[in-house]
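Please walk through this structure, moving from its enclosed spaces to its open pocket and then to the helices.

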Amino acid sequence: MARYAYVDGRYVPHCEGVVGIEDRGFQFADGIYEVASIIGGAMVDGPGHLDRMERSLAALDIAPPVSRRVLELIMRELIARNAVVDGFLYLQITRGVAPRDHKYPTGIRPTLVLSTKRVDFLNQAKLAEGVKAITIPDIRWARCDIKTISLLPNCMGKTRAAAAGAYEALQVDAAGYITEGTSSNAWIVTQDNRLLTRALSSDILRGVTRDRLIGIAAEEGIAVVEEAFSVEAAKAAREAFVTSATSFLTPVVQIDDRVIADGAPGPLSRRLQGWYLDYCAGLRARA
Ligand code: PDD
């Protein structure tokens with residue numbers, strides 16, 4: 001079956017999707033992106049992803065290339081054309097194509113690209129078994145709240161993690177506190193049973209999964225404390241996990257050389273993961 005991408009107003013075969021060599025995304029990483037999971041043919045937390053997309057665009061003074069309503073229609077059409085049941089949707093908007101010059105050009109049209117991928121997310125071993133993480137210095141810039149396509153430090157970190165046989169690299173600020181993973185938010189359950197995740201600031205991305213999980217936890221009567229935690233606190237934690245659109249809630253069972261608790265996903269992580277997956281399954285049922 002043909003796989004399509006949406007590139008600047010046209011649905012094209014995925015492998016034929018191209019943008020210009022002077023696209024500012026290519027030359028300056030001057031753009032933003034979103035990744036949303038698709039469950040049962042529907043985007044998980046679509047409005048949350050579109051809200052964050054609008055915040056990222058506003059922070060970079062990039063005008064939305066199409067209205068939100070039109071974008072929703074394009075997303076739905078692409079998911080349908082590619083017959084994606086479970087998978088994810090990738091959206092990228094760059095400032096557009098212009099002769100190379102660092103300062104923002106005026107009067108150009110932003111580039112809009114969307115693609116989808118089929119993935120059997122829910123049957124991943126890592127959800128049940130948990131993963132290993134390493135810690136690395138956070139060498140990113142001071143606006144990690146913007147979901148820009150400038151991801152080289154994240155790619156470096158993820159590559160170091162893979163080389164160490166780990167799934168994720170937890171980035172650590174100058175004070176020794178974990179900011180977030182290279183593509184996920186980080187959480188721990190402390191020895192006194194407090195569920196912690198770092199507070200929102202320009203140090204981290206506001207994860208849509210993080211937002212959803214805070215809501216689910218509240219409904220279940222579990223308080224989430226938005227507070228930074230150190231590498232030592234994470235290694236001494238009862239439980240640790242990361243969240244993202246593509247990893248849902250993935251337990252972390254080892255950080256560097258330190259096994260967390262007994263090396264198995266903890267009880268609160270499993271309950272929260274179950275509630276989150278139930279929420280996703282509910283979307284599938286309604287699709
Ligand atoms: N990454 N922090 C960072 C640095 C991220 O890149 C991501 C997501 C998150 C979690 O955000 P959300 O829950 O909205 O997915 C946190 C996506 C999945 C990616 O880059 O592929």
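The strands and helices referred to below are DSSP runs, numbered from the N terminus, with a strand having at least two residues and a helix at least four. The model is predicted, and the description that follows should be read with that in mind.

We begin with empty space inside the protein. Rolling a probe the size of a water molecule over the atoms shows where empty space is left. The structure holds two cavities of 30 Å³ or more, and the largest cavity has a volume of about 40 Å³. Its lining is made up of Leu170, Ile178, Ala186, Trp187, Ile188, Phe229, Ala234, Ala240, Phe241, Val252 and Ile255. In terms of elements, at least two lining residues come from each of strand 10 (185–189), strand 13 (239–244) and strand 14 (248–255), and strand 10 gives the most, with three residues. The chemical character of this lining is uniform, in that it divides into 11 nonpolar residues, no polar and no charged.

The second largest cavity has a volume of about 30 Å³, and it is lined by Arg238, Glu239, Ala240, Val252, Val253, Ile260, Ala264, Pro265 and Gly266. Here the elements that give two or more residues to the lining are strand 13 and strand 14. Ala240 and Val252 appear in the lining of the largest cavity and also in that of the second largest cavity. The lining of the second largest cavity divides into six nonpolar residues, one polar and two charged.

From the enclosed spaces we turn to the open one. The largest pocket holds about 850 Å³ of space, and of the 39 residues that line this pocket, the closest to its centre are Tyr33, Lys147, Thr148, Leu151 and Asn154. The elements that each supply at least two residues of the pocket lining are helix 1 (24–28), strand 3, helix 2, helix 5 (152–163), strand 9 (178–181), helix 6 and strand 13, with helix 5 giving the most, at four residues. By class, the lining of the largest pocket has 16 nonpolar, 16 polar and seven charged residues.

Helix 2, one of the elements that contribute to the pocket lining, spans residues 46–59, has 14 residues, and reaches 20 Å from its first C-alpha to its last, close to the 20 Å expected at 1.5 Å a residue. Which residues of helix 2 are buried? They are Gly46, His49, Leu50, Arg52, Met53, Ser56 and Leu57. Seen down the axis of helix 2, these buried residues fall within an arc of 160°, so they line one face of the helix. An α-helix has 3.6 residues a turn, so residues three or four places apart point the same way. On the face of helix 2 turned away from the buried side are the exposed residues Pro47 and Ala58. The cover over the buried residues of helix 2 includes strand 3 (31–39), strand 4 (42–43), helix 3 (68–81), strand 5 (87–94) and helix 6 (208–219). Just after helix 2, Asp61 takes a positive phi of about 55°.

Helix 3, which is among the elements covering the buried residues of helix 2, has 14 residues and reaches 20 Å from its first C-alpha to its last, close to the 20 Å expected at 1.5 Å a residue. Its buried residues are Leu71, Ile74, Met75, Leu78 and Ile79. Viewed down the axis of helix 3, these fall within an arc of 130°, so they line one face of the helix. The face of helix 3 turned away from its buried side carries the exposed residues Arg69, Arg76 and Ala80, and the helix is followed by Ala83, whose phi is positive, near 50°.

Helix 6, which also takes part in covering the buried residues of helix 2 and in lining the largest pocket, has 12 residues and reaches 17 Å from its first C-alpha to its last, close to the 16 Å expected at 1.5 Å a residue. Within helix 6, Val208, Thr209, Arg210, Leu213, Ile216 and Ala217 are buried. Gly221 follows helix 6 and has a positive phi, near 80°.

Finally, we come to a loop residue. Asn193 is found in the loop between strand 10 and strand 11 (195–197). Is Asn193 buried or exposed? With a relative accessible area of 52%, Asn193 counts as exposed, because that term applies over 50%. Asn193 and Gly9 are 184 residues apart in sequence and 50 Å apart in space, C-alpha to C-alpha.

Notes: Residues numbered from 1 in each chain as written. Predicted model: local features only at pLDDT ≥ 70, side-chain atom pairs only at ≥ 80, totals over all residues. Heavy atoms only, no water. Expected span 1.5 Å × (residues − 1). Buried < 20%, exposed > 50% of the residue type's maximum accessible area, 1.4 Å probe, protein only. Arc of directions from axis to C-beta. Contact = heavy atoms within 4.5 Å. 1 Å grid on protein atoms, 1.4 Å probe; cavity = no way out; pocket = protein on both sides within 12 Å on 5 of 7 lines; lining within 4 Å. Points joined across faces, edges and corners; volume = space filled by probe spheres on them. Nonpolar A, V, L, I, M, F, W, Y, C, P; charged D, E, K, R; others polar.
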